[in-house]
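Please examine the sequence and the coordinates together before reading on. The explanation below may then be followed residue by residue.

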Amino acid sequence: MMQNVHLAAETDEDDLYSGYNDYNPTYDTEELENDTAFQQAVKTSHGRRPPSKTSLASSMGRPMTGAIQDGVTRPMTAVRAAGFTKAALRGSAFDPLGQSRGPAPPLEARNEDSPEEKIRQLEKKVNELVEESCIANSCGDLKLALEKAKDAGRKERVLVRQREQVTSPENINLDLTYSVLFNLASQYSANEMYPEALNTYQVIVKNKMFSNAGRLKVNMGNIYLKQRNYSKAIKFYRMALDQIPSVHKEMRIKIMQNIGVTFIKTGQYSDAINSFEHIMSVAPNLKAGFNLILSYFAVGDQEKMKKAFQKLIAVPLETEEDGKYISPNDDPHTNLVIEAIKNDHLRQMERERCVEVVKASQYVELANDLEINKAIMYLRQKDFNQAVETLKMFEKKDSSVKSAAATNLSFLYYLENEFAQASSYAELAVNSDRYNPSALTNKGNTVFANGDYEKAAEFYKEALRNDSSCTEALYNIGLTYKKLNRLDEALDCFLKLHAILRNSAQVLYQIANIYELMEDPNQAMEWLMQLISVVPTDSRALSKLGGLYDSEGDKSQAFQYYYESYRYFPSNIEVIEWLGAYYIDTQFCEKAIQYFERASLIQPTQVKWQLMVASCFRRSGNYQKALDTYKDIHRKFPENVECLRFLVRLCTDIGLKEVQEYATKLKRLEKMKEIREQRTKSGRDGSGGLRGRRDGSAGSDGGQNCGAGSRGERLSVQLRALPRTEEPYDSSSNKELDASYVDPLGPQIERPRTATKKRVDEDDFADEELGDDLLPE
């Protein structure tokens with residue numbers, strides 16, 4: 001039995017775990033410092049190369065976990081390798097993205113009724129309304145823009161309340177609130193609802209949580225400037241200037257320019273000069289330089305005008321045409337040459353050839369436009385002869401150019417009251433282009449001037465059919481209906497025009513005048529009040545409003561408006577007469593004297609005013625002054641009966657010896673007056689009657705008012721109206737103001753508007769720059 005037992009020698013015995021305590025000397029870190037090969041590898045790029053799998057496997061003395069070595073599997077450890085799974089050992093497919101698990105579960109449904117979702121949707125709606133409001137404004141639909149802005153404001157307030165209920169006040173979207181308020185203020189301003197715009201801006205400015213809101217005071221200053229509230233405009237411009245940092249140089253310059261223009265409007269030229277001088281020293285520009293020259297002219301400083309003009313011409317024009325005449329360096333010789341050739345004969349020939357080349361090219365229409373603009377430039381320079389000659393060159397051109405030139409010629413001849421020529425060119429313009437609304441309007445004007453109002457209305461209607469936005473035709477057809485006494489239709493035209501031109505003084509006046517003709521004084525006064533809000537310094541509108549209050553029996557209001565009218569235009573005889581009579585009626589004869597003295601200066605040949613001055617002295621008890629005044633009147637008007645009557649009375653009361661002399665002259669004049677009256681009764685009404693009125697009528701009214709005897713005489717409040725040199729009334733009625741509504745600086749007759757292809761705007765000062773309102777994005 002023991003023969004089958006073999007005993008292995010100890011040397012041949014194999015240990016199952018043998019070799020696992022051995023390790024590769026490569027990983028012996030204790031001797032790395034002394035290993036020259038390792039140190040060399042570290043110092044070179046060779047040592048930074050990744051080892052290959054073969055070299056790494058061969059260099060490892062320790063087998064990997066789960067590897068089979070000599071037919072024996074190495075035992076597993078407790079640590080799994082990266083990416084190791086038991087399923088992998090069972091032969092499952094490789095699926096690192098987990099696609100075998102099927103589709104992802106559906107998203108959780110949104111709860112539409114949750115407060116957070118409602119807030120989110122409402123905020124989105126507010127943003128959409130603000131954007132729609134801005135788009136409507138850019139398209140010119142200001143009413144729609146305002147409605148959208150108001151709706152956005154209402155929804156934003158609801159949004160704030162909901163946020164306060166759900167979250168803390170710190171989570172309120174201030175940017176959205178600012179955008180809504182700013183857009184609302186901008187739309188109010190665009191619709192000329194200035195009080196509402198100012199209130200909205202105040203809400204933004206006073207809220208300390210809005211950063212940089214102070215610069216919106218520029219917009220508030222712009223609104224006050226439009227309202228002609230110049231003191232507040234300057235105040236807000238300065239407040240905005242204080243809050244804008246110096247790095248925003250361009251904005252500060254614009255505000256300074258606004259301040260200067262506002263000072264000019266108030267007549268404070270010294271302060272305006274300071275503003276424009278600062279601009280010209282920091283960032284010179286053409287507008288500031290031009291206004292600086294005019295400000296120096298206003299104060300009469302000629303030397304500084306010269307210096308300001310030198311600064312003005314030194315401002316670069318920033319145009320390509322003159323760019324080639326600007327020196328690229330500071331070479332004095334080059335600068336001298338450029339200055340010499342800027343306007344030499346070659347330069348002039350260059351301009352002429354340029355026009356000729358354009359005429360001969362395919363852009364001949366551009367040359368025609370250049371010639372039209374040339375004629376308009378002559379009009380701006382008030383060189384009407386040159387303008388007419390330039391426009392007459394187009395009589396043989398094609399129809400479109402001929403129509404434009406003939407329209408302008410008709411306009412010029414109409415302004416010069418040459419209605420035959422105006423009618424001829426208007427007919428030529430209409431025949432060249434039947435759909436030209438300006439030509440039709442001018443043709444209607446010439447017919448209107450000839451008194452054929454029905455035919456004029458037909459031309460205006462045709463112009464409106466061709467172009468419904470032709471405001472001149474709509475205005476003129478309103479005047480035509482007014483002439484035809486079709487007041488309802490005229491009122492309808494002007495109300496339509498008012499919807500288009502909200503702040504047109506002419507339209508506002510016409511509406512008020514029509515209501516007055518329709519015997520509706522309350523409506524007339526209401527529209528005149530709107531007119532005064534647009535042109536607060538117009539003396540004619542103020543006196544008209546005073547007359548309406550006077551006719552209604554409200555003397556205090558009438559006095560207020562008549563006095564304002566006198567303050568702005570102290571040469572209106574009608575206003576002066578009313579104010580003098582008002583003071584006499586209220587027993588303040590001393591105050592009436594200054595008004596009658598001014599009337600006597602305006603109309604020195606009218607004895608009436610000097611008699612009123614003497615009467616006021618007499619009524620106030622200053623008999624010596626009254627006597628001296630009557631004597632002076634007698635020297636100027638020796639045949640005035642009323643003056644001699646008062647001289648006789650005063651000399652008798654005072655006891656002067658001159659009474660006999662004046663009594664003799666009075667009897668002789670009364671006898672002459674009786675002779676004239678007898679001649680009038682005998683049938684010689686013409687020259688005799690007129691001479692009699694010339695002898696006595698100038699002072700007869702004064703005699704009636706001043707009385708011929710007692711100190712208890714009464715002066716009538718309503719003095720006799722005299723012929724006025726600047727008569728503004730229509731020939732049809734002496735109570736109707738001029739329908740063309742002109743400034744009080746010169747008389748005008750009522751006539752329709754003319755239409756031209758180009759408009760000429762003339763301003764004393766450069767265009768005001770209102771600081772560029774910060775429009776919502």
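The following paragraphs address confidence, aromatic pairs, charges over rings and one buried acidic residue.

This is a predicted model, and the confidence of the prediction should be considered at the outset. The protein chain has an average pLDDT of 74, and 68% of the residues reach a score of at least 70. Residues 52–61 stay under 50 in pLDDT, and the model gives this stretch six contacts beyond four places in sequence. Residues 688–751 also have a pLDDT below 50, although the model contains 137 contacts between this stretch and residues beyond its near neighbours in sequence. Where pLDDT is low, the predicted coordinates should not be read in detail.

The aromatic side chains may be taken next. A pair of aromatic rings is described by the distance of the centres and the angle of the planes. The model contains 18 aromatic pairs. In one of them, Tyr413 and Tyr425 are stacked, with 5.6 Å from centre to centre and 10° between the planes. Tyr413 belongs to helix H19 (residues 399–415) and Tyr425 to helix H20 (residues 419–432), so this pair ties together parts that lie 12 residues apart in sequence. Are these two rings buried or exposed? Tyr413 counts as buried because its relative accessibility is 9%, and Tyr425 counts as buried at 10%.

A further stacked pair is formed by Trp578 and Tyr582, with a centre-to-centre distance of 5.3 Å and an angle of 10° between the planes. Both residues lie in helix H29 (residues 573–585); because they are four residues apart, about one helical turn separates them. Trp578 has a relative accessibility of 10% and therefore counts as buried; Tyr582, at 19%, is also buried, the cut-off for this class being under 20%. Trp578 and Tyr582 also belong to a cluster in which ring pairs link them with Phe559, Tyr562, Tyr563, Tyr566, Tyr583 and Tyr595.

Two positively charged side chains are placed over aromatic rings. The charged end of Arg567 sits over the ring of Tyr568, 4.6 Å from the ring centre. Lys591 lies over the face of Phe588, and here the distance to the ring centre is 5.3 Å.

The last site concerns Glu156, a residue of helix H5 (residues 142–166). Which side chain of opposite charge is nearest to Glu156? That side chain is Arg157, at 6.1 Å, and Glu156 is buried yet has no salt bridge. Leaving aside residues up to four places away in sequence, Glu156 touches Val126, Thr177 and Val180.

Methods: Residues are numbered from 1 along each chain as its sequence is written. This is a predicted model: local features need pLDDT of at least 70, side-chain atom pairs count only at pLDDT 80 or more; totals for chains, interfaces and linings use all residues. Side-chain values use heavy atoms; hydrogens and water are left out. Rings of Phe, Tyr and Trp (its six-membered ring) pair if their centres lie within 6.5 Å; planes under 30 degrees apart count as stacked, over 60 as edge-to-face and the rest as tilted. Helices (H or I, at least four residues) and strands (E, at least two) are DSSP runs, numbered from the N terminus. Buried means under 20% relative accessible area, exposed over 50%, partly exposed in between (1.4 Å probe, protein chains only). A charge sits over a ring if NZ of Lys or CZ of Arg is within 6 Å of the ring centre and within 35 degrees of the ring normal. pLDDT is the predictor's confidence in each residue, from 0 to 100. Contact means heavy atoms within 4.5 Å. Lys and Arg count as positive and Asp and Glu as negative; His and the chain ends are not counted. A salt bridge is a side-chain nitrogen of Lys or Arg within 4 Å of a carboxyl oxygen of Asp or Glu.
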